[in-house]
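Reader: Could you give me a close look at the part of this protein that you would pick out, and walk me through what surrounds it? I work at the bench, so please explain the terms as you go.

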Amino acid sequence: MAALGVEVNVANDDGETNTAVNVPESVLRRDQARLEEAERRRNVKESQTVKEEKSDFFTSTFNAEKTGVEEMLSSSNLSDRDKAAKTLEEVTVRIQQLQKFLNDSMLFLTQYEIRQAQASMQKLQSSLDEKRDLVLPKKKFAFRSRNAGASKQPEPSKQTTDKSASDVGGGTVVIDAAISVYQCGFSNAENQVLIMQAEEIQQQDVLLSHLTNCKVRLYGCPSTLHIKNIRSCEILCGPVSSSVFVDQCTDSTLVFPCQQLRTHNTTATQIYVHVTSRAIIEDCREVRFAPFTWTYPGIHDHFKVAGLDPDRNNWTDVDDFNWLAAGTPSPNWTVIPEIERISSWDFVGPS
C-alpha cells in the first residue's frame with residue numbers, strides 16, 4: 001500500500017523547477033509541528049523577557065521613589081510646624097501615587113515582589129503616621145448635633161451628646177464631627193449614629209476609635225481610614241485613596257473600597273471590601289469577607305477622585321500572616337456565603 005504524500009517541486013542547479021519529490025504527509029506534519037513549537041517557545045521567551053524588563057523597571061522606579069519619600073520624611077524640619085505640615089501633605093500624595101503604581105504593576109509582578117512592595121508601603125505609611133504624631137497636634141474629637149443650631153464652636157463630646165438626646169426625647173442621635181485641620185473622625189461614642197459628608201473628609205486622614213454599638217456613614221473619599229478599638233459597630237465608608245488600617249475590632253461590620261487593607265487583632269467581623277491589591281490580616285479570627293455592596297449618590301465620582309478602578313476587586317485575595325501553610329486555606333478567614341450577604345443597607349443621613 002503506497003504511503004500518502006505530497007508532491008513537492010525542487011529547483012535544479014540552473015534555477016529551473018523540473019524535479020518532483022513525493023514527501024510523505026507525516027513528515028510535513030512533523031516539520032509543521034516543529035516550526036509551531038519553535039514559534040511558541042520564541043513567543044514565551046519574548047514574553048518572559050518583556051515581563052522581566054517590566055519587573056526591573058518597576059523595581060528600580062519603586063525603590064527610587066521610596067528612597068525619595070524616606071528622605072523627605074527624615075529631613076522634615078520639626079521646629080517649623082507649617083513647613084513640616086506641607087512636607088507631610090506632599091509625602092501623603094507621593095505615597096498614594098506610589099501605591100497606585102504598585103497596584104497597576106501587579107499583573108506582571110511575582111507574589112514575592114508584591115509582598116515585598118506591600119511591606120515597604122506599610123513601612124512608609126507607618127513612618128508618615130509617626131512623623132505626623134510628632135509634628136501635628138493631637139486631635140481632640142468633639143461632636144455637634146445636627147439639630148443644635150448653627151453654632152460654629154463645637155462643645156465637648158459628652159455635653160453635646162446629652163444635649164442632643166434631650167432635644168429629641170432620648171434614644172439614638174444623628175451627629176457629625178467637628179473637623180480638625182489635619183485629621184477628622186469620631187472617638188469615644190456609644191449607641192450613636194455618626195455621619196460625615198464628602199466636603200468634611202475629602203482626602204483627609206480619618207480616625208474612628210473607641211466606638212461601641214454605633215452606626216457610622218462616611219459619604220466621601222478620605223486619604224486613609226484608621227479603625228481602632230471598635231465593638232459591635234457598622235461602619236460604611238466611601239472610596240479610600242490609599243489604605244485602611246483596622247486594629248482591635250470585634251463583632252462588627254466594615255464596608256469600604258480602598259487600595260490596601262491591613263487588619264490586625266480582629267475577631268468575629270464581616271468586611272465588605274473593594275480592594276485593588278491583596279488584603280492582609282494578622283492575629284485575626286473569624287473574619288469573613290464579601291464584595292463591597294454599598295452605594296450612595298456621587299460614589300462613582302468618588303471612585304475617580306480616589307483613583308480606584310471600580311472593575312478591579314481582589315476581595316478574595318487575602319494573605320494571612322499567621323498562616324504560612326502553602327496550599328491549605330487559612331482557618332482565620334472565610335468568604336460570606338452569597339445567600340447571607342447584605343445587598344442593601346439602611347439609609348442613614350441628616351433629618
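Author: Happy to: we will go by way of the aromatic rings to one helix, and then on to some cysteines and strands. Please keep in mind that this is a predicted model, in which local features need pLDDT of at least 70 and side-chain atom pairs count only at pLDDT 80 or more, while totals for chains, interfaces and linings use all residues. Residues are numbered from 1 along each chain as its sequence is written, and side-chain values use heavy atoms, with hydrogens and water left out.

Let's begin with the rings. Searching the whole structure turns up 8 aromatic pairs (rings of Phe, Tyr and Trp, the last by its six-membered ring, with centres within 6.5 Å; planes under 30 degrees apart are stacked, over 60 edge-to-face, the rest tilted). One of them joins F57 and F101 edge-to-face, with 6.5 Å from centre to centre and 85 degrees between the planes. The two residues are 44 apart in the chain, F57 in helix 1 (residues 25–75) and F101 in helix 2 (residues 81–105). Helices here are DSSP runs of H or I with at least four residues, and strands are runs of E with at least two, numbered from the N terminus. F57 is exposed, at 52% relative accessibility, whereas F101, at 22%, is partly exposed. (Buried is under 20% relative accessible area, exposed is over 50%, and partly exposed is in between, using a 1.4 Å probe and protein chains only.)

Another pair, Y219 with W294, is tilted: the centres are 5.4 Å apart and the planes differ by 50 degrees. Y219 sits in the loop between strand 8 (215–218) and strand 9 (224–231), and W294 in the loop between strand 16 (285–291) and helix 6 (299–306), so this pair ties together parts that are 75 residues apart in sequence. Y219 and W294 are both buried.

That loop brings us to helix 6, the part I would like you to look at most closely. Its residues I299, H302, F303 and A306 are buried. Viewed down the helix axis, the buried residues of helix 6 fall within an arc of 105 degrees, so they line one face of the helix; the arc is taken from the directions between the axis and the C-beta atoms. On the face turned away from that buried side you will find H300 and K304, which are exposed. And what covers the buried residues? Helix 5 (198–201), strand 12 (253–258) and strand 14 (267–275) are among the elements doing so, where contact means heavy atoms within 4.5 Å. Right after helix 6 comes G307, with a positive phi near 75 degrees.

Now to the cysteines, which a bench eye tends to seek out. The whole structure contains 0 disulfides, a disulfide being a pair of cysteine sulfur atoms within 2.5 Å. C184 is in none, and the nearest cysteine sulfur, belonging to C237, is 9.9 Å away. C184 is buried, with 0% relative accessible area. C214 is in no disulfide either; its nearest cysteine sulfur is that of C233, at 4.8 Å. C214 is buried too, at 2% relative accessibility.

C214 is also one of the residues touched by E234, along with K215, V216, R217, T253 and W345, leaving out residues up to four places away in sequence. E234 belongs to strand 10 (residues 234–237) and, at 17% relative accessibility, counts as buried. Its side chain makes a polar contact of 2.6 Å with the side chain of R217 (N or O atoms within 3.5 Å; within protein, one able to donate a hydrogen and the other to accept it, with residues adjacent in sequence counted only if both atoms are side-chain atoms).

Last come the paired strands. In strand 13 (residues 260–264), 4 of the 5 residues are buried, so the rest of the structure largely encloses it. Strand 13 pairs in the parallel sense with strand 11 (residues 243–250) over 5 bridges; pairing requires at least two bridges found by DSSP. R262 in strand 13 is the bridge partner of F245. Strand 13 also runs parallel to strand 15 (residues 279–282), joined by 3 bridges, with T263 opposite I281 of strand 15. Back in strand 11 you meet V244, which is buried at 0% relative accessibility. Beyond its neighbours within four places, V244 contacts L225, I227, F256, C258, Q260, L261 and R262.
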